[in-house]
Amino acid sequence: MSSASTDPAQPASGYYTGPVTVTLAAQDEDGGSGVETTSYSIDGGAATQYVAPFQVTGDGAHVVSYFATDKAGNAEAAKTLEVKIDATKPTVTGGLTGRSVTVAAADAGSGIDKIEYQIDNGAWAAYTSPIAAPDAAAHIVSFRATDKAGNVSDVGSVQVPVVGETVQVSVTSAGPPSADGWYRQNVVVTLAAPTGSAGLVVQARVNGAAWKNNPKPITVSANGSNLIEYRLLRSNVLVAGSDGQTTIKLDKAAAAVGLVRSPAGGTGTPRNPIDVRITGADPLSGVGLVEYRINDGAWAPVGTDSVRFNQVGQYVLTARVTDRAGNVSQEKSITVVIAADPATQLTASPKKASAGTPVTFNLKGFLRFDTVTLRAGGTTWGSVTTDVNGTAKFTVNLPAGTPKGDVTITAIGADPAVTASTTLTIK
């Protein structure tokens with residue numbers, strides 16, 4: 001029996017913030033032959049013999065599969081360990097509308113846990129709605145975000161100018177921003193000097209480019225975060241407290257959806273089901289929702305596990321992804337066929353053989369990757385591991401001195417109810 005442990009131990013959030021060291025241990029049952037090898041694989045990769053603790057790295061959800069084999073060749077059923085890593089800080093942006101600051105945060109890994117802000121050098125407080133300046137003076141509003149894994153963003157800030165002489169900002173688009181502050185259509189930002197103020201010049205620049213005087217309405221069409229800074233000048237001198245900025249987040253690209261079937265091919269059965277893993281990706285605003293439906297059923301959100309098919313029938317699984325801006329991916333489908341479990345079968349070739357000569361046994365209808373033991377009466381003739389289809393071929397030399405006559409050979413899987421027998425004649 002094998003077991004797995006991690007260093008560091010799994011956090012309460014379920015997410016690690018860096019590489020994870022996995023240690024495997026195994027021991028045989030009392031009176032057993034002893035452990036021969038322990039094997040593992042990461043994210044469905046090739047099986048590797050375990051010799052020392054190993055690391056799982058990279059953001060995302062990873063699956064470590066492992067099993068032990070004893071010196072008699074018996075392999076236990078594979079176990080799994082889920083390792084979720086989020087080592088990336090969230091991002092946070094703020095925009096100024098009038099004298100209120102709006103903050104938005106995004107995290108493509110574990111998700112946002114909280115957003116906080118402070119005014120000038122005051123205490124940090126939880127952000128729940130736009131932050132209004134407390135009085136008519138100029139202030140600096142700082143903000144930060146923490147994701148569920150505990151990663152903290154860089155601190156951002158917005159300057160709120162003094163009341164009276166501030167740039168008037170108007171933001172328009174064909175559609176409203178998402179809850180995460182992302183637009184899906186081009187955005188027009190119009191800047192103007194305060195009404196009734198004489199001798200003021202508006203200056204603005206986009207994404208750090210050169211400042212421009214009295215700019216025309218600015219059309220934001222580039223995907224990503226676009227920083228628009230603005231200020232007022234009087235006689236070519238900066239008006240104190242008039243500095244401001246707004247960030248326009250634009251994502252006009254659809255997210256991508258992926259389907260991974262396990263096993264990759266063939267027809268499944270109730271005994272040997274088929275799993276479909278659904279993934280989503282979006283490099284801009286991030287993945288907001290991954291959904292699927294089966295045949296013409298209702299759409300449902302994808303959980304942490306794969307979708308398993310183990311009932312007889314033909315199914316079409318369709319998936320789609322919605323990003324945090326509200327863009328919906330093209331739908332992607334996969335067909336899964338689950339046939340009835342075939343009858344378990346054991347055949348011998350040749351059917352008649354002499355003691356000391358080889359006989360090849362063919363099995364089918366068993367569990368995939370099952371350890372199947374061949375027995376003749378109370379004697380074990382060996383064991384074999386089935387393939388992805390629950391079939392296997394196994395050649396043994398008949399024990400010397402095997403009495404002549406008919407012998408019943410029985411194949412027994414890990415599930416004692418899954419068996420098959422055949423008769424072999426010893427000449």
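What follows is a chat between a colleague and a modeller about how some labels in this predicted model were earned.

Colleague: Let's start with Thr318. Why is Thr318 called buried?

Modeller: Its relative accessible area is 7%, and buried means under 20%, so Thr318 makes the cut. The residue belongs to strand E30, residues 313-323.

Colleague: What makes up the surroundings of Thr318, leaving out residues up to four places away in sequence?

Modeller: Thr318 touches Glu291, Tyr292, Arg293, Trp299, Glu331, Lys332 and Ser333. Take Lys332: 14 residues separate it from Thr318 in sequence, yet the C-alpha atoms are 5.5 Å apart.

Colleague: And why do you call the link between the side chains of Thr318 and Ser333 a polar contact?

Modeller: The distance is 2.8 Å. The limit for a pair of N or O atoms is 3.5 Å, so this one qualifies.

Colleague: Trp299 came up there. What sits over the ring of Trp299?

Modeller: The charged end of Arg320 does, 3.9 Å from the ring centre. The distance allowed is 6 Å, along with an angle condition of 35 degrees from the ring normal. Trp124 has a charge over its ring too: Arg144 lies over the face, at 3.9 Å from the centre.

Colleague: On to ring pairs. How many aromatic pairs does a search of the whole structure find?

Modeller: Five.

Colleague: Why is the pair of Phe309 and Tyr315 called tilted?

Modeller: Two numbers settle that. The centres are 5.2 Å apart, and rings pair within 6.5 Å. The planes meet at 45°; under 30 degrees would be stacked and over 60 edge-to-face, so tilted is what remains. Both Phe309 and Tyr315 are buried, by the way.

Colleague: Which residues form an aromatic cluster?

Modeller: Tyr40, Tyr50 and Phe54 form one.

Colleague: Phe54 makes me think of Ile42. Why is Ile42 called partly exposed?

Modeller: Its relative accessible area is 30%. Buried is under 20% and exposed is over 50%, so Ile42 falls in between. Ile42 is found in strand E4 and touches Phe54, Gln55, Val56, Val63 and Val64, setting aside residues up to four places away in sequence. Tyr66 lies 24 residues from Ile42 along the chain, with 9.0 Å between the C-alpha atoms.

Colleague: How do you know that strands E4 and E7 pair?

Modeller: Pairing takes at least two bridges, and E4 (residues 35-42) has seven to E7 (residues 60-70), so they pair. The two run antiparallel, and Thr37 stands opposite Thr69 in E7.

Colleague: What about E7 and E8?

Modeller: Seven bridges join E7 to strand E8, residues 79-85, and the direction is antiparallel. Val63 stands opposite Glu82, and Ser65 has Thr80 as its bridge partner.

Colleague: What makes strand E2 a partner of E8?

Modeller: E2 (residues 15-16) and E8 are joined by two bridges, and the requirement is at least two, so the pair counts. These strands run parallel, with Tyr15 opposite Lys84 in E8.

Colleague: Which strands form the open sheet that includes E14?

Modeller: The order is E12-E11-E14-E15, with antiparallel pairing.

Colleague: Why do E12 and E15 count as edges?

Modeller: E12 (125-126) and E15 (156-160) each have a single partner strand, so one side of each lacks a neighbour in the sheet. As for E11 (residues 112-119), seven bridges join it to E14, and Gln118 stands opposite Ser142 in E14.

Colleague: Still in E14, how do you know that Thr146 is buried?

Modeller: Thr146 has a relative accessible area of 9%; the limit is under 20%, so buried is the right word. Thr146 sits in E14, residues 139-147. Beyond four places in sequence, its contacts are Pro90, Ile112, Asp113, Lys114, Glu116, Asn151 and Val152.

Colleague: Last one: which residues touch the most other members of the largest nonpolar core?

Modeller: Val101, Val103 and Leu191, in a core of 30 residues. Apart from that core lies another, of 23 residues, including Val359, Ala392, Val396 and Val418. Back at Val101, contacts beyond four places in sequence include Leu96, Tyr127, Ile131, Val141, Phe143, Val158 and Val160.

Technical notes:
Residues are numbered from 1 along each chain as its sequence is written. This is a predicted model: local features need pLDDT of at least 70, side-chain atom pairs count only at pLDDT 80 or more; totals for chains, interfaces and linings use all residues. Side-chain values use heavy atoms; hydrogens and water are left out. Helices (H or I, at least four residues) and strands (E, at least two) are DSSP runs, numbered from the N terminus. A nonpolar core is a set of buried Ala, Val, Leu, Ile, Met, Phe, Trp, Tyr and Cys residues joined through side-chain atoms within 4.5 Å. Buried means under 20% relative accessible area, exposed over 50%, partly exposed in between (1.4 Å probe, protein chains only). Contact means heavy atoms within 4.5 Å. Rings of Phe, Tyr and Trp (its six-membered ring) pair if their centres lie within 6.5 Å; planes under 30 degrees apart count as stacked, over 60 as edge-to-face and the rest as tilted. A polar contact is a pair of N or O atoms within 3.5 Å; within protein, one must be able to donate a hydrogen and the other to accept it, and residues adjacent in sequence count only if both atoms are side-chain atoms.
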